[in-house]
Amino acid sequence: MHSLARIVAFALALVLTVSLGLAMQPAKASMDRPTWSAGNFWAYNISSGSGPGTVTGTFRMDVAGTETVTLNGTGYPCYRVTSDFKLPLGGGLSFEIFPVIWFSVDTLAVVRIQATVPPILNLTTQTTVVIAGSPPQTIQWPLTADATWSSSTDVWTSSTNATRTTWSHSSLSTTFSVQSDATITVPAGTFSTTPLKELSANGTYTTNFWSAQVGNWVRVGSYNSTGQNTQNFNLTSSSYTSPGFFGSIILGLPVWIWLILLVVIVVAIIGFFAVRRRKPPAVMMPPAMPPQEPPMGP
């Protein structure tokens, strides 16, 4: 009995220590790079402009797998992500394209985008557009508050229709700066995020609100050179499981709840066998003898 009591006390102390440790952990000063896998997805609503001229739409990304993209003879391991970009045009009509986006496995920066644009935009014929940055820009992980770096790339764009292919080239330089952690609310819920500001040479910038829980952006905000918000992508739903142990989600429950359930089950099993050991063995009665018939006479 004393041994069982010690085991129960130890189990409860363990649960208390784990629970309090998780509750008292300070906010992370940095965010590690998420690891994606096939089946992960993120869906967003889009809001562009303000007032009566606001344009709304939807955007969804699905991780299809991994693939190597070669640019100027160099191979870059990438996540291959299919997407669906849809904008209503009014009158029951909508514009929809399905870009394929390759994100660097090492940095999660965009390496290549390919999309087939329907005739509705150029009014002539279907066009395939490919955009690639060589070398790809770099996002420095983990994202640590106040970290700043610059990254440049040559952006090549090809446009191919039924008759010809045209090419264009431009240089892109971006200054990245990690902002202090911020808690924001979007349609999918409230999340702790690490904002990454990406400032272009012309003064416009975007802020990607990265979430370790979501494994991607919870919000992407675009701003003009005066700091006015011009466009937002806000998360509406997602499917992602963090590879970390503590604080991760298993079958929809936080891991510390599963720890408590595990301890309760172990204690119950130990108690069951302890009771069985104390219980005296049942007395086995001999089976009843069948009735004997009297012997028959000669």
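Arg 112 lies over the face of Trp 102, 5.0 Å from the ring centre. The model is predicted, and this briefing treats the surroundings of strand 6 together with the aromatic contacts. Trp 102 belongs to one side of strand 6, and both faces of that strand are covered. The structure holds 13 aromatic pairs.

**Strand 6 and its burial**

- Strand 6 spans residues 100–104, and five of its five residues are buried, so the strand is largely enclosed by the rest of the structure.
- On one side of strand 6, Val 100, Trp 102 and Ser 104 are buried; on the other side, Ile 101 and Phe 103 are buried as well.

**Pairing of strand 6**

- Strand 4, residues 74–90, pairs with strand 6 in the antiparallel sense over five bridges.
- Strand 7, residues 110–117, pairs with strand 6 in the antiparallel sense over four bridges.
- Val 100 has partners in two strands: Thr 82 stands opposite Val 100 of strand 6, and Gln 114 is the bridge partner of Val 100 in strand 7.
- The hairpin of strand 6 and strand 7 has five residues between the strands, and Leu 108 takes a positive phi near 65° there.

**Aromatic pairs**

- The structure's 13 aromatic pairs include that of Tyr 205 and Tyr 223, whose ring centres are 4.8 Å apart with planes at 15°, so the pair is stacked.
- Because Tyr 205 lies in strand 14 (residues 205–211) and Tyr 223 in strand 15 (residues 216–223), this pair ties together parts that are 18 residues apart in sequence.
- Tyr 205 is buried, at a relative accessible area of 16%, and Tyr 223 also counts as buried, at 18% relative accessibility.
- The ring centres of Trp 210 and Trp 217 are 5.9 Å apart and the planes stand at 65°, so this pair is edge-to-face.
- Trp 210 and Trp 217 are both buried.

**Aromatic cluster**

- Ring pairs link Trp 36, Trp 42, Tyr 44, Phe 59, Tyr 79, Phe 85, Phe 103, Trp 141, Trp 210, Trp 217, Phe 233 and Tyr 240 into a cluster.
- Phe 103, one of the buried residues of strand 6, is among the members of this cluster.
- The edge-to-face pair of Trp 210 and Trp 217 also contributes members to the cluster.

**Charges over rings**

- Arg 60 lies over the face of Phe 41, at 3.9 Å from the ring centre.
- For Arg 112, which lies over the face of Trp 102, the distance to the ring centre is 5.0 Å.

Note on methods. Residues are numbered from 1 along each chain as its sequence is written. This is a predicted model: local features need pLDDT of at least 70, side-chain atom pairs count only at pLDDT 80 or more; totals for chains, interfaces and linings use all residues. Side-chain values use heavy atoms; hydrogens and water are left out. Buried means under 20% relative accessible area, exposed over 50%, partly exposed in between (1.4 Å probe, protein chains only). Two strands pair if DSSP finds at least two bridges between them. Rings of Phe, Tyr and Trp (its six-membered ring) pair if their centres lie within 6.5 Å; planes under 30 degrees apart count as stacked, over 60 as edge-to-face and the rest as tilted. A charge sits over a ring if NZ of Lys or CZ of Arg is within 6 Å of the ring centre and within 35 degrees of the ring normal.
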